[in-house]
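Here is a walk through a structure, one selection at a time. Open your viewer, keep the selection box handy, and follow along.

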Amino acid sequence: MYSYYKIEQNQIRESSEEDYNWLVVKHGNEEEKKELLTLFDLPEDIFIGSDEPEEVSRLEHLRDTKLNNPFLYTLIDLSSNHQERIEKRLEPVTFILSKGLMITYVSRESNLVERLIEKHGSELRHFEDIIAFATLMIYTHYINGLKEIKKQIDQLDAAARKTTENNELFNLADTERDMVYLDHTLKDQNLTVNHLMERKEFLDKLDNESLVYDIKLRQKFANKLVTIYRDLLETIGGLFSDMMDNNLNHLMKYLDSAALVVAVPSLIAGLWGINTGGLPGKDNTIGTILVFGLAVLVGILTAVYLSKKDFSKTK
């Protein structure tokens, strides 16, 4: 789907196919993609991964096109829909900037352009403003998403101290999966954003030092959150493992103690069952009762002793 906008006289407005300088393509079908490729003579592989979460963030100059000195800038946005899996939430956004025309390609579910115009419409005076404010918003989305993940991490941390149930382990695996995607996406994106912030031509046209500072600050903040939360998840995963080992140790201690309690009376009964002469009570009518009582008594004393024994002490 095509949307047309016109940026002139330091303001932006919706326009038509006959008069525009910013073309927004929302999840174009194959015909629309081919039309774009033909119309502007773009590389055939330019939109191959444009709807995939594994799309590569990049900044590159495009050659042999009908556009005037174009370069391509691709970032991955993060949707605010926390109910979706992380693959559905990662939405590639591609800007093709040239002199006099900018093309933006977004995925089907993306509302980045609409929110960008709604929030910063009065500040979008040039193409460079659109790209810079979009980058700022994308990092804001990552920070908000990471703060939601922090809530899940806190819940997992509390659960790890009380239980090792399968549901909590599944939640841990899902959260770790989200963090892996976010970590690799932000690392890939850092290089692209850093290269853009080093382009003198782009910075001169943007002419907004405070905006550049805000982008770098949020970029640094998002990267720090990812690093901290990955480490926290590793710690919680270790805590789950330690708790399971500790529970297993307690179970083995109980089973070993139970086996020992049973073994002592069995030893006594076994000794009196030897088919040799000279055993006490052999010819006594209450001998069986006495042996049984002795076995029970020794078993009880063994159980009491083991219950009070502190096996954590080495001496």
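How many bridges join strand 3 to strand 7, and do they run parallel or antiparallel? Select both strands to find out: five bridges join strand 3 to strand 7, and the two run parallel. For one of these pairings, pick V24, whose bridge partner in strand 7 is T104.

**Before going further: the whole chain**

Please keep in mind that this is a predicted model. Colour by confidence, and you will be looking at an average pLDDT of 84, with 88% of the residues scoring at least 70. Confidence is highest in strand 5, at 93, and lowest in helix 8 (residues 287-308), at a mean of 77.

Now switch to a cartoon view, where the chain shows eight helices and seven strands. Of its 315 residues, 40% count as buried. Turn on the surface for a moment: the accessible area comes to about 18,700 Å², and carbon and sulfur atoms hold 52% of that. If you like contact maps, residues 24 or more positions apart account for 64% of the contacts with a separation of 6 or more.

**Stop 1: the sheet**

Select the seven strands. They make an open sheet in the order 2-1-3-7-6-5-4, with mixed pairing. At the edges sit strand 2 (11-14) and strand 4 (58-61), each of which pairs on one side only. Look along the sheet to see the twist: neighbouring strands are turned by 20° against each other on average, direction ignored.

Next, highlight residues 2-8 and 22-26. These are strand 1 and strand 3, which run antiparallel and are joined by four bridges. Y2 stands opposite V25 here.

**Stop 2: strand 7 and its hairpin**

Move to residues 101-106, which form strand 7. Is this strand mostly covered or uncovered? Covered: six of its six residues are buried. In a regular strand, side chains alternate between the two faces of the sheet. Show the side chains and you will see L101, I103 and Y105 pointing one way, with M102, T104 and V106 pointing the other way. All of these residues are buried.

Add strand 6 (90-98) to the selection. Six bridges join strand 6 to strand 7, and the two run antiparallel. I96 stands opposite I103 in this pairing. The two strands form a hairpin with two residues between them, and G100 in the turn has a positive phi of about 95°.

**Stop 3: the helices on the sheet**

Select residues 112-120 for helix 3, which packs on the sheet. Its contacts are with strand 1, strand 2, strand 3, strand 5 (71-78), strand 6 and strand 7, and its direction makes about 140° with that of strand 3.

Then select residues 127-160. This is helix 4, lying across strand 1, strand 3, strand 5, strand 6 and strand 7 and running at about 25° to strand 5. Zoom in on T135, which belongs to helix 4. T135 counts as buried because its relative accessible area is 0%. Beyond its neighbours within four places in sequence, T135 is in contact with Y73, L75, V193 and I215.

**Stop 4: the nonpolar cores**

Which residues touch the most other members of the largest nonpolar core? Select W22 and L182: they hold that place in a core of 56 residues. Helix 4 gives the most to this core, with 17 residues.

Centre the view on W22 and show what surrounds it. Not counting residues up to four places away in sequence, W22 touches partners including Y5, I12, M102, T104, V113, I117, F127 and I130. A second, separate core has 16 residues, among them Y4, L37, L67 and I96.

**Stop 5: two loop residues with positive phi**

For the last stop, open a Ramachandran plot if your viewer has one. Select D41, in the loop between helix 1 (30-40) and strand 4. Its phi is near 55°, a positive value in a residue other than glycine. D41 counts as partly exposed because its relative accessibility is 39%.

Finish at N69, in the loop between strand 4 and strand 5. Phi of N69 is also positive, near 50°, and this residue is not a glycine. With a relative accessible area of 38%, N69 is partly exposed.

Definitions and conventions: Residues numbered from 1 in each chain as written. Predicted model: local features only at pLDDT ≥ 70, side-chain atom pairs only at ≥ 80, totals over all residues. Heavy atoms only, no water. Pairing = 2+ DSSP bridges. Axes fitted to C-alpha atoms, helices over the stretch in contact; angles between N-to-C directions. Contact = heavy atoms within 4.5 Å. Buried < 20%, exposed > 50% of the residue type's maximum accessible area, 1.4 Å probe, protein only. Core = buried A, V, L, I, M, F, W, Y, C linked by side-chain atoms within 4.5 Å. Areas by Shrake-Rupley, 256 points an atom, 1.4 Å probe, with all protein chains shown as cover. pLDDT = per-residue confidence, 0-100.
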